[in-house]
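Colleague: Got a minute to go through this one with me? I'd like to talk pockets first, then packing.

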Amino acid sequence: MANGMGSLFVGSSGVRSSQDALNTVANNLANLSTAGYVRQQVVFRDVEYNNISYAKNGYKKLTGLGTSIGELVHARDIFLDKAFRQENGRRSYYEASFEAVDEVQTLFNELEGTAFQQIINGPGLDTEEGESLWHAFQEWSKNPSDTVNQNLVIQKASLFVSRAYAVYKGITNYQSNINGQISQNIDTINDYAKRIYELNNRVAAIEAGGRETAMNERDERDYLIDQLSSYGSISYSEDINGVMEVQFEGETLVNEMNYYEIGKKTDRMTGYITPYWPHLSNEEAGRYVEVLDFTRKICTEYNTDVGSLKALVQARGTGITNYNDINNIDPDLYDATTGLSVMENTLAEFDQLVHGIAKQINDLLVPNKVQDTITVDNGDGTYTRYHNVKVLDTEHCYVGADGKLPPQELFTRTGCDRYTKVTDVEGNDYYIYNEEDYNDSVGMTINGKTYKIYDMENGATVTRFKLKDDNVTEEILDNTQPYLPWNKEDNEKYTRQVISGQTLWVLNDNYTYDTSVQYTVAELHINENLKKQVTSLPYINPEHEIAYDLGAKISELWEEKTLTINPRFSTAYNFSDYYQEMIGEVAIIGEMYNSTAESLDGAVREIDNGRDGVIGVSSEEELTKMIKYQNAYNASSRYIQTVSDMIEALVTGLGA
């Protein structure tokens, strides 16, 4: 009878184990489409055995008590997880980088139905009749006095400026768009960090007794780490309590004690956000520990090409650039600043093209020369002496129909006129050119330290003095200093410093260039006077004849090789070739990003497929197991029924 009752227990254990296995299969099927879910697998084990007796040969005679669920397997392949997260982050970096480049290509390839190239096209390129600025000057050169031709120049110059500004706004607007994505990425990373911290606490609490495994919490946490890997370089480790410590870009993001949010340092001028670590920074002192490190070369070898956050910050850059950011810049400094960002670099190269066209045309229409010295009576007993300044070349300049000086330039700046008129002590009039606010510093190394100083020998300077002793002796009131007519008191470009006995004018590190006095896309306009009176466009030479040669000179500008792409290249290009080279450079970078992203996408898919083989749920496999466990359940039920019938027969027989 005892053996009979034990047999019922064996059958009961089979029913229970099969039921638990069916529940596990049902749970797997229910989570077939749940992101991050890891399939659960049951492992059966024998329940303990009873020792009945010993045989003569020394072996025990044992009777089993059935089966039970020995383990619920929740397996992951840590090597595949690590490989997936690494390649996923790298893929995200190149995908985000390609999207930025692709946007730049879109802006240049097609703008309101007309490619920008057609606006500037030179000879040898197909273009619509009369569409380009070059074509307008070609027509003008045939008869510069013809108002129809003058109108055509004004019209195409206006089109050139408006389309250039549209490209400029498109790029800067996309920079703002990227800035918004950066903000969203930071918010998402912070949300992930907070949730991982909460899950750490839940895992530790559930598993503290040593009897349960927090499978659902672990699944969600692993899934969040998978997602986090696409935003930056991560590393992680789990302690004996089941707490996952996560590092993001080399700094702790989550640990047992806390999670550390990424802050947003916002530039007051641009509104651009830079991610930083608030808990490591001293904000009151203005010292910030930034999340991303761009001082190391970005490449796979150094594992620095990881994460969409880094790609977005890099693509956006730190500000809005122009030609001044690649003109007269040290190549290494260029690589670490403007050259690092595809948006900043493209904007600067494009602005350099527009600047070159506008300035070179202006310099032919209204030419300058260098004047050694101009002494001006200030009317208060003091004098100002200008040295080495550019002035209007009145002997060789052209004028419009009104014959007035100074002549009208075609392209103007928002912040200043082209000239400032002065009269020297001898009664001669000069029109001093208001030089652009450009990088006019040169490097000088003194005692091993390099300074950016103003080139006093070659640059324009000014001295203020007064006369003594019957106009024979001069008393210097101010030492010779850079001539900066647009310099602002709250934004001084140079400061006078005495270094190793030398008096030098040193460029302020935090100087902000005044774009309003530059021929840059953002500040470029067509001369309003010319719009009102087109005959004011210079076309009469000093001999009072129609300047046919001027039209030819301007047309020939398109053939002159005057522009280099950036500080890393010394090859000079004409306007048309420069544009093609610039676009080609963007296309090459875009193709590199795209091909790398596609290659990594295939690698990520392959690794993920390998992971699915370990952790993924297969409906066919689970249904097969369901049938098996159902049959086992039915078999155990029939076994119990059979044993029950036997016991009943025995009991009934004994009673008879």
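Colleague: How do the residues of the lining of the second largest pocket divide into nonpolar, polar and charged?

Modeller: Bear in mind that this is a predicted model. The lining of the second largest pocket divides into 18 nonpolar, 13 polar and 7 charged residues.

Colleague: OK, and what volume does that second largest pocket have?

Modeller: Its volume is about 750 Å³. There are 38 lining residues, and N327, K359, K390, E435 and Y438 are the closest to the centre of the second largest pocket.

Colleague: Which elements give two or more residues to that lining?

Modeller: The elements are α9, β11 (383–392), β14 (429–433), β15 (441–446) and β22 (563–564). Helix α9 gives the most to the lining of this second largest pocket, with 6 residues.

Colleague: And the largest pocket, how much space lies in there?

Modeller: About 2000 Å³. It is lined by 44 residues, and the ones closest to its centre are T318, G319, D325, E344 and Y511.

Colleague: Which element gives the largest share of that lining?

Modeller: That would be α7, with 3 residues in the lining of the largest pocket. The elements giving two or more residues to this lining are β9 (273–276), α7 (308–316) and α8 (331–336).

Colleague: How does the lining of the largest pocket divide by residue type?

Modeller: For the largest pocket, 16 lining residues are nonpolar, 19 are polar and 9 are charged.

Colleague: Switching to packing. How many residues does the largest nonpolar core have?

Modeller: The largest nonpolar core has 103 residues, and F160, F248, I361, L410 and F411 have the most contacts inside it. Helix α5 (residues 147–206) gives the most to this core, with 21 residues. Apart from it lies another core, of 20 residues, and I432, L484, W486 and Y511 are among them.

Colleague: What is I361 in contact with, leaving aside its neighbours within four places in sequence?

Modeller: With those neighbours left aside, I361 is in contact with L133, F137, L410, F411, I554, L557 and W558.

Colleague: F411 keeps coming up. Where is it, and is it buried or exposed?

Modeller: F411 is in strand β12. F411 has 0% relative accessibility, so it counts as buried. Leaving aside neighbours within four places in sequence, F411 is in contact with A157, F160, V161, A358, I361, N362, Y519, L524, H525 and I526.

Colleague: How far apart are F411 and S158 in sequence and in space?

Modeller: They are 253 residues apart in sequence, and 9.3 Å apart in space, C-alpha to C-alpha. Across the protein, 65% of the contacts between residues at least 6 apart in sequence join residues at least 24 apart.

Colleague: I554 was on the I361 list. Which residues of its helix, α11, are buried?

Modeller: Helix α11 (residues 548–556) has L550, G551, I554 and S555 as its buried residues. Seen down the axis of α11, these fall within an arc of 135°, so they line one face of the helix. An α-helix has 3.6 residues a turn, so residues three or four places apart point the same way.

Colleague: What do the buried residues of α11 pack against?

Modeller: They pack against α4 (133–142) and α9 (342–365).

Colleague: Now backbone oddities. Which peptide bond is cis?

Modeller: The bond from L405 to P406 is cis, with omega near -5°. P406 is in the loop between β11 and β12 (411–413).

Colleague: And where is E249, with its positive phi?

Modeller: E249 is in the loop between β6 (244–248) and β7 (251–254). Its phi is about 50°, although E249 is not a glycine. N388 also isn't a glycine, and its phi is near 60°. N388 is in strand β11, and N388 is partly exposed, with a relative accessible area of 24%.

Colleague: Last one: what does E261 touch, not counting residues up to four places away in sequence?

Modeller: On that basis, E261 touches N190, W277 and P278. The C-alpha atoms of E261 and W277 are separated by 7.3 Å, with the two positions 16 residues apart along the chain counted as their spacing. E261 is in the loop between β7 and β8 (263–266), and counts as partly exposed at 43% relative accessibility.

Notes. Residues numbered from 1 in each chain as written. Predicted model: local features only at pLDDT ≥ 70, side-chain atom pairs only at ≥ 80, totals over all residues. Heavy atoms only, no water. Core = buried A, V, L, I, M, F, W, Y, C linked by side-chain atoms within 4.5 Å. Buried < 20%, exposed > 50% of the residue type's maximum accessible area, 1.4 Å probe, protein only. Helix = DSSP H or I, 4+ residues; strand = E, 2+ residues; numbered from the N terminus. Contact = heavy atoms within 4.5 Å. Arc of directions from axis to C-beta. 1 Å grid on protein atoms, 1.4 Å probe; cavity = no way out; pocket = protein on both sides within 12 Å on 5 of 7 lines; lining within 4 Å. Points joined across faces, edges and corners; volume = space filled by probe spheres on them. Nonpolar A, V, L, I, M, F, W, Y, C, P; charged D, E, K, R; others polar.
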